[in-house]
Amino acid sequence: MTRPSPCPIVVANRIAQTFWQGLMKRVGLKDVAAEAGVSVTTVSHILNNVQGKRINAETRRLVLEVAEHLGYQPNDLARGLRLRRSNTVGFVSDEIATTPHAGQIIRGAQEAAAQNGLMLLMLNTGNDRDLEDKEIALLLRHQVDGVLYASMYHRVVEVPQRLASVPTVLLDARSDDPAVPSVVPDEEQGGRTATRELLAHGHRRIGFVNNIDDIPASRGRLAGYRGELAEAGIDFDPSLVVTEDSVAAGGYRGSRTLLGLDDPPTALFCFNDRMAMGAYRAASEAGLAIPADLSVIGFDNQELISENLFPALTTVALPHYEMGARAIFHLQQVIDRAEPLGAAVHEVLHCPLISRDSVARPRT
């Protein structure tokens, strides 16, 4: 026989009598059950939204009302123990936490984690392998549900052995092990986008100031540059490609080399915004105005540079925020086993063009 629901007025009186006591102690399922006049099992089924239980709408409404008025809060620790979850994930990076322009990776991961009910525990290694090992061991002792292993720049990494015991997603990095999921920018597409923008403005002789390091970014952006020139029917000219350190001084040296050619380029595609900053200096010393005499396009969208150069720098953005958010998404999938082991996802994200003032048609 179903027990009749108590009168709402009686419920209100009971709530009023116990409200202050509820503030002094943690309200549990038994407290809600006593005030609502139903069993603890019924309260548990309602508050945990257990499917398939025959509970009438009035009882469900009553229990939810009582729980709200008593200030009931679920015991996340107990729930985590039942589900073998801590609802925390680690974020292990080399230098991201100390680099302003890459901070959007952290923000994207934090906001996506919060939306999934996860707390992000951030650790920065400073490229110290011993410190990294200790930090990962600490995360494992705290029983994190998973780890984002993030790199300051897109590169191939060796995944620490300790991470084999916990769901792991690589962020702005990839591994030679295809079983480890990763989220990276589409470097080749970004190179194509930059070159296509210069071609669209009528440039046919385009120089590329590339990074000297043999990393996925330099290889991918060069492949995009060459591919877009080929589609436009322009033969690749190796004399128009120079490699230098990926800093302003390297961009300056590389740009001086290209601008000193007998037949110099009318536009420069620079590996990153710092190298583009060096290109501005080289153009000024050569008596060239940007963009009237020379168009320049960068990569990364480091806003402290790109927005404050004069004229403001057109560039291709690295999708930092999106990478952080998508990495959390894939980590959650691995934790939930929605993605079967051995079928890891390797997501490549689009790099958008940020148009500003440094690109124009060449002089006729």
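This report describes a sheet, two helices packed on it, a buried proline and two nonpolar cores in a predicted model.

## The open sheet

An open sheet is built from 6 strands, arranged in the order S7-S6-S8-S9-S10-S12, with mixed pairing. Its edges are strand S7 (241-244) and strand S12 (353-354), each of which pairs on one side only. Strands of a sheet pair through backbone hydrogen bonds, in either a parallel or an antiparallel sense.

At the S12 edge, the partner strand is S10 (residues 314-317), and the two run antiparallel over 2 bridges. Within this pairing, Val316 has Leu353 of S12 as its bridge partner.

## Helices on the sheet

Helix H8 (residues 187-200) packs on the sheet and touches strand S6 (206-211), strand S8 (267-270), strand S9 (295-300), S10 and S12. The direction of H8 makes about 160 degrees with that of S9.

Helix H9 (residues 216-231) also packs on the sheet, in contact with S6, S7, S8 and S9. Its direction makes about 165 degrees with that of S6.

## Pro216

Pro216 lies in helix H9. Its relative accessible area is 11%, and a residue counts as buried under 20%, so Pro216 is buried.

Beyond its neighbours within four places in sequence, Pro216 contacts His154, Arg155, Val156, Arg174 and Glu187. Tyr153 is 63 residues from Pro216 in sequence, while their C-alpha atoms are 9.4 Å apart in space.

## Nonpolar cores

The largest nonpolar core has 23 residues, of which Val89, Phe91, Ile96, Leu148, Leu171 and Ile328 touch the most other members. At least two residues of this core come from each of strand S1 (88-93), helix H6 (103-115), strand S3 (146-156), strand S4 (168-174) and helix H13 (320-335).

Ile96, one of the residues touching the most other members, has contacts with Ala102, Ile105, Ile106, Asn124, Ala150, Ser151 and Met152, leaving aside neighbours within four places in sequence. A second core, separate from this one, has 22 residues, including Ile215, Leu268, Ala282 and Ile305.

## Helix H2

In helix H2 (residues 29-36), the buried residues are Val32, Ala33, Glu35 and Ala36. An α-helix has 3.6 residues a turn, so residues three or four places apart point the same way.

Gly37 follows H2 and has a positive phi, near 75 degrees.

Note on methods:
Residues are numbered from 1 along each chain as its sequence is written. This is a predicted model: local features need pLDDT of at least 70, side-chain atom pairs count only at pLDDT 80 or more; totals for chains, interfaces and linings use all residues. Side-chain values use heavy atoms; hydrogens and water are left out. Two strands pair if DSSP finds at least two bridges between them. Helices (H or I, at least four residues) and strands (E, at least two) are DSSP runs, numbered from the N terminus. Contact means heavy atoms within 4.5 Å. Axes are lines fitted to C-alpha atoms, for helices over the stretch in contact, and angles run from 0 to 180 degrees between N-to-C directions. Buried means under 20% relative accessible area, exposed over 50%, partly exposed in between (1.4 Å probe, protein chains only). A nonpolar core is a set of buried Ala, Val, Leu, Ile, Met, Phe, Trp, Tyr and Cys residues joined through side-chain atoms within 4.5 Å.
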